[in-house]
Amino acid sequence: MQYKTLFSFSLLFIFSQLIVAQTTTKDTTEVPVIEYSNSTPKYEIADIKVTGASNYEDFVLIGFSGLSVGDIIEVPGDAITNAVKRFWKQGLFADVKILATKMQDGKVWLNIALKERPRVSEINYSGLKKNEIDDLSARIGIVKGNQITPNISDRAKKVIEKFMEEKGFLNVVVNVYQRNDPNKAGHVVVDINVDKKLKTKIHQLVYTGNVALNHNKINHVMKKTNDNNWRNFFRTKKFVKEEYEKDKVALIEKYNEIGYRDAFIVSDSVVKYDDKSVDVYIKIDEGKKYYYRNIKWIGNTIYPYEYLNTVLGIKKGDVYNHKLLMEKLETDENEAVSKLYKDRGYLFFQVDPVEVQVNNDSIDFEMRIMEGKPATINEIGIKGNTRVYEHVVRREIRTKPGQLYSQEAVMRTLRELAQMGHFDQEKLRPDIQPDPENGTVDINYQLETKGSDQVEFSAGWGSTGVVGSIGLKFSNFAIQNLFRPETYRIVPQGEGQTFSLNARTNGQSYSSFSLSFLEPWLGGKRPNSLSASVYYSTQSAISSRYQSNLSNMYSNYYSGYGSSYSGYGSGYGSGYNNTAYLSEIDPERYMRTIGASLGYGKRLSWPDDYFQFYGELSYQLFLLNNWYPGYFPMTAGAFNNLSLNLTLSRSSIDNPIYTRTGSAFSLGLKITPPYSSFNGKDYTNTSMTTQERYKWIEYHKWTFSGKTFTPITTDNKLVIMSRAMFSYLGHYNVNARSPFEAFSMGGDGMSSYTSYGTDYIAMRGYTSGSLTPYNAQTGTSMGYLYNKFTMELRYPLSLEQSATIYALTFVEAGNCFNSIKNYNPFNLKRSAGVGVRIFLPMFGMMGIDWGYGFDSVDGSTKPSGSQFHFVLGQEL
């Protein structure tokens with residue numbers, strides 16, 4: 001009896017909180033009476049209403065409750081209890097009640113009375129910087145217009161605390177307050193107050209038990225956990241627990257690398273030193289040093305164990321190094337054992353290095369191999385390409401359906417896709433989906449399109465005033481779509497061809513125009529390229545009278561220099577009146593160049609398919625009329641340059657913008673017919689005019705260039721670029737030595753104007769043309785041979801799609817000579833400096849370098865000294 005009474009009172013207490021009779025209305029309707037007894041009555045739900053939740057549809061909330069009109073439920077009973085629990089669990093309501101408004105004839109009318117939690121109208125931060133607010137806003141989960149719950153508030157507090165601890169603020173105090181918004185009912189203003197306290201730094205790191213690694217070596221390994229030591233001047237001193245845990249793992253991995261396989265951290269503690277710093281104590285047990293003894297291969301049928309041992313590169317007696325072992329087995333992209341198998345299709349290959357015996361300090365290993373079956377490529381997918389036609393992408397892919405899987409082919413495909421320039425190289429990823437059951441694999445190449453067209457608008461100040469230029473480069477041109485307007489985005493696009501237009505002028509004395517086209521896959525089936533270009537430039541000189549006045553004015557100034565006319569092309573110094581200069585332009589004194597070229601390139605399969613052969617037939621016509629003396633041996637006439645350019649090159653660089661690995665070499669020969677051998681003219685005749693002597697220019701020009709890129713950090717970011725360049729302009733007849741195609745060395749490698757008669761070679765740390773030898777007999781400055789050596793250390797500051805930025809430091813040595821007889825490979829001018837490069841997809845490569853020339857030029861006894869150089873597309 002007592003048990004039944006207790007049970008009845010319990011039911012009364014619980015369900016009195018859930019079922020509340022409606023109060024009497026104005027017409028004095030009676031409140032439904034709910035009897036709590038051992039026999040719970042059942043009712044049919046006649047109607048369900050929802051009140052207090054204006055931001056939600058009634059039918060959604062009724063459906064969420066689990067109650068439906070027509071259901072037979074016990075009142076009180078589990079159905080109503082469970083419905084209330086569902087709403088509380090959702091966390092969106094501050095109060096939940098289910099009321100019986102009417103009970104009649106075995107039916108019940110229910111009202112789900114809810115009170116919504118407030119919504120956020122505004123979020124205020126205090127104690128944080130703007131960039132910290134920007135970082136945290138998306139993480140904390142408090143969003144304007146959304147509801148805020150205690151869980152959301154607590155989570156936001158924890159997120160902020162962790163964020164600040166990562167920045168070294170271990171004592172941070174975070175409070176999240178809510179206050180009613182007087183202007184919006186049902187809304188609150190959230191105030192997030194952050195008291196960072198003082199940043200926590202490491203006062204002292206104390207190690208015990210370490211012998212093999214001294215304090216400095218451990219300090220080097222624990223990159224993010226550093227004490228206040230002078231060696232850590234440029235390193236963070238903050239104590240961040242997450243980084244500290246990572247550094248402890250790195251410390252044990254370092255011990256494993258030097259043979260201490262059993263090393264472990266016995267204990268560690270972080271002790272408060274004062275309000276802004278802590279002391280860190282680490283006790284280490286190094287254990288003994290181990291060595292490799294016997295290595296046995298099991299399960300290998302494709303490669304003999306002798307070859308596998310050679311690839312592994314670990315010999316008996318070598319110090320145990322777990323990291324090196326796993327690299328040689330699995331992770332080394334160039335020489336891992338797994339790569340051998342995967343390049344031959346064995347995608348499902350596995351190798352398990354098992355320690356089978358440990359004897360004193362020696363370890364015997366069994367390399368247990370499961371080769372599996374070769375995997376056949378099933379499907380190749382391309383995702384993210386929104387720029388070029390799909391067949392343009394697919395022709396660069398080295399993996400084909402039906403072929404055996406090859407890891408090398410996948411990596412080569414990524415390189416070729418990067419070389420296209422249409423996709424973000426930093427985000428190129430192969431999504432490899434193996435199917436061991438069927439022995440197949442699907443490969444999806446994840447691409448992210450980037451803009452590669454370039455627009456150049458620039459202006460510079462030269463000797464004749466402002467020189468403006470405009471350039472347009474469309475790298476996804478489609479000549480096939482000229483008559484398909486729907487493919488136009490300024491120009492027809494989609495086929496991956498390159499079309500360029502350039503124009504430069506100062507409006508009076510100088511203008512140049514060029515147009516070029518490149519089809520990288522002529523015919524669409526093989527990577528054979530076709531290129532064509534045409535160009536024209538004209539440059540007018542000042543009048544003879546004004547030139548004579550300038551020469552007299554500066555005769556004393558120029559008398560100390562070897563070439564009194566070497567400055568005409570780039571200016572006369574500072575001191576003359578530019579307005580007067582422009583008014584003295586004589587259109588009848590000019591140098592004009594008209595040219596065209598047609599080239600064909602072919603990718604070779606031997607020695608490997610990184611090699612290419614390129615041949616180009618070009619023609620140039622140089623027209624001079626009363627031109628400046630000192631530029632060339634002649635001042636007037638028409639001179640023809642018909643040449644064949646042959647180039648053999650090999651390029652394996654991974655990225656044309658910021659290159660990390662690979663190399664690029666080229667050997668070129670540019671030749672003309674030896675006219676002097678068969679035209680019957682006597683070139684020893686001193687009375688022969690320059691027009692006759694150089695009407696058809698003859699020469700043979702040899703060039704060599706080699707670059708290598710070597711990453712020196714594990715993340716492949718810090719890169720050394722080494723380069724060597726050599727070129728020689730030879731002649732068939734010494735009396736017909738070409739005045740064109742010679743070299744001008746020094747400066748940034750850009751002439752004041754585009755000149756097609758001279759090659760401008762950059763040499764940082766020296767002024768433009770200052771290393772070009774002077775020929776007293778001809779009165780000209782021309783180089784017929786040069787060599788140059790460069791080494792740069794590069795590090796990227798940004799590798800984003802919008803902008804690639806990297807800093808560099810360089811050393812350089814080179815010189816230019818007027819004949820091969822005077823060539824001295826050890827007579828080099830030296831320089832060093834720093835610089836920065838910025839690549840913007842719309843504008844191309846730009847940058848600035850500061851260089852210091854250590855050697856003197858022009859007979860001076862002082863070094864060339866400090867020089868600044870600007871980069872606008874050219875390579876320095």
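**Helix packing, strand pairing and internal spaces in the predicted model**

Leu-61, Phe-64 and Ser-65 of helix α2 are in contact with Ala-83, Arg-86, Phe-87 and Gln-90 of helix α3. Sorted by class, the residues in this contact of α2 with α3 comprise four nonpolar, two polar and one charged. The model in which these contacts occur is a predicted one. Two packed helices are described by the angle between their axes and the distance between the axes. For α2, which spans residues 58–65, and α3, which spans residues 78–90, the axes come within 8 Å and cross at roughly 115°. Angles of 65 to 115 degrees count as roughly perpendicular, and α2 and α3 are therefore roughly perpendicular to each other.

A second arrangement concerns an open sheet of three strands, in which the order is β14-β16-β15 and the pairing is mixed. The edges of this sheet are formed by β14 (376–383) and β15, each of which pairs on one side only. With direction ignored, neighbouring strands of the sheet are turned by 20° against each other on average. Between β15 and strand β16 (residues 440–446), which run antiparallel, there are seven bridges, and Asp-431 stands opposite Asn-444 in β16. Helix α12 packs on the sheet and touches both β15 and β16, its direction making about 20° with that of β16.

Helix α12 (407–420) and strand β15 (429–435) also take part in the second largest pocket, where these two elements and α9 (322–331) each supply at least two residues of the lining. The greatest contribution to this lining comes from α12, with eight residues. The volume of the second largest pocket is about 1,500 Å³, and, of the 31 residues that line the pocket, Glu-333, Asn-334, Met-411, Thr-661 and Asn-716 are the closest to its centre. By class, the lining of the second largest pocket consists of eight nonpolar, nine polar and 14 charged residues.

Further along the chain, strand β34 (residues 785–799) pairs with two strands. With strand β29 (residues 719–730), β34 pairs in the antiparallel sense over 10 bridges, and within this pairing Thr-790 in β34 is the bridge partner of Arg-723. With strand β35 (residues 804–817), β34 likewise pairs in the antiparallel sense, here over 14 bridges. The bridge partner of Thr-790 in β35 is Glu-812, so that Thr-790 has bridge partners in both β29 and β35. Strands β34 and β35 form a hairpin, with four residues between them.

Enclosed spaces were also examined, and the count comes to three cavities of 30 Å³ or more. The largest cavity has a volume of about 120 Å³, and the residues closest to its centre, of the 13 that line it, are Asp-424, Lys-450, Leu-799, Glu-800 and Thr-804. Among these, Leu-799 falls within the residue range of β34 and Thr-804 within that of β35. The residues of the lining of the largest cavity divide into five nonpolar, four polar and four charged.

Key: Residues are numbered from 1 along each chain as its sequence is written. This is a predicted model: local features need pLDDT of at least 70, side-chain atom pairs count only at pLDDT 80 or more; totals for chains, interfaces and linings use all residues. Side-chain values use heavy atoms; hydrogens and water are left out. Axes are lines fitted to C-alpha atoms, for helices over the stretch in contact, and angles run from 0 to 180 degrees between N-to-C directions. Angles under 35 degrees count as roughly parallel, over 145 as roughly antiparallel, 65 to 115 as roughly perpendicular and the rest as oblique. Contact means heavy atoms within 4.5 Å. Ala, Val, Leu, Ile, Met, Phe, Trp, Tyr, Cys and Pro count as nonpolar, Asp, Glu, Lys and Arg as charged, and the others, Gly among them, as polar. On a 1 Å grid over the protein atoms alone, a cavity is a set of points where a 1.4 Å probe fits but cannot get out, and a pocket is an open set with protein on both sides within 12 Å along at least five of seven lines; lining residues have an atom within 4 Å of a point. Grid points are joined across faces, edges and corners, and a volume is the space filled by probe spheres set on the points. Two strands pair if DSSP finds at least two bridges between them.
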